[in-house]
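Q: Please take a close look at one part of this model, a strand and the partners that pair with it, and say how far the prediction can be trusted there.

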Amino acid sequence: MIKQKYSENWFFPIQIPKAILSTYRTEFEKFREIDERRLSFPKNSALTNVELHHWEDMKIRMSLLNFSVSLKDKIMKSHYTDWDNRYGIYLDDGWFYVYRSHILLNRFQLYSEDGKNYNIHHLQKSEAEQAGEISFEEAIYSERFHFLD
C-alpha cells in the first residue's frame, strides 16, 4: 500500500492497488460499515495537542445544560470539522473534549439519572485564548442543527 500526502492538511489516504481491492472488496466493505456504526469519534482524528492542560470550571446558560438521548448520541459520534462547523467534539476517558484547529478548548461530562435526559455534569475551559462559552456553544450548535442523526 502506498501512502501519499496531499498538501499540508494532515490527510493521509492510502491507495490500494486494484488487484488487491477487487480480491478483498468484501473485507473493505466491512470496514466502511463499521465506520458508519461507530459510537464515538476517533480521538486521533481530532489531531489535538497533547500537552498538559490547566482546566478551569465555567458556568453556562441553563438552556444549554439539557440534552436528549438523540443529541447525546450525535455528540458521541461527532463529526469532522469543516468550514461551517469549525468546532469538533470527541470522547476520551469519560470527558467530551471540544477542539478547534488542533487545540483543546473545553471539556465536559454528561450525567443522567433516568437514561432519557442528560445534563452537563462538569464544564471546564482550557488555558487557550479561544476557550470559553462561545467555543462550547458553537460545538453544541453544530451537533444539534448541522448533522443528521
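Which element of the protein chain has the lowest mean pLDDT, and which the highest?

A: This is a predicted model, in which local features need pLDDT of at least 70 and side-chain atom pairs count only at pLDDT 80 or more, while totals for chains, interfaces and linings use all residues. Residues are numbered from 1 along each chain as its sequence is written, and side-chain values use heavy atoms, with hydrogens and water left out.

Strand S1 (residues 2-3) has the lowest mean pLDDT, 40, and S3 the highest, 93; pLDDT is the predictor's confidence in each residue, from 0 to 100, and strands are DSSP runs of E with at least two residues, numbered from the N terminus. Over residues 1-7 the pLDDT is below 50, although this stretch has 18 contacts in the model beyond near neighbours in sequence, a contact being heavy atoms within 4.5 Å. Where pLDDT is low, the predicted coordinates should not be read in detail. For the protein chain, the mean pLDDT is 77, with 70% of residues reaching 70 or more.

The part to examine is S8, residues 117-125, where two strands count as paired if DSSP finds at least two bridges between them. S3 (residues 56-57) pairs with S8 in the antiparallel sense over two bridges, and aspartate 57 has glutamine 124 of S8 as its bridge partner. Strand S4 (residues 66-68) also runs antiparallel to S8, joined by three bridges, with serine 68 opposite asparagine 117. Strand S7 (residues 103-111) is antiparallel to S8 over six bridges, and there glutamine 109 stands opposite histidine 122. S7 and S8 form a hairpin with five residues between them, and glycine 115 in that turn has a positive phi of about 75°.

Key. Helices (H or I, at least four residues) and strands (E, at least two) are DSSP runs, numbered from the N terminus.
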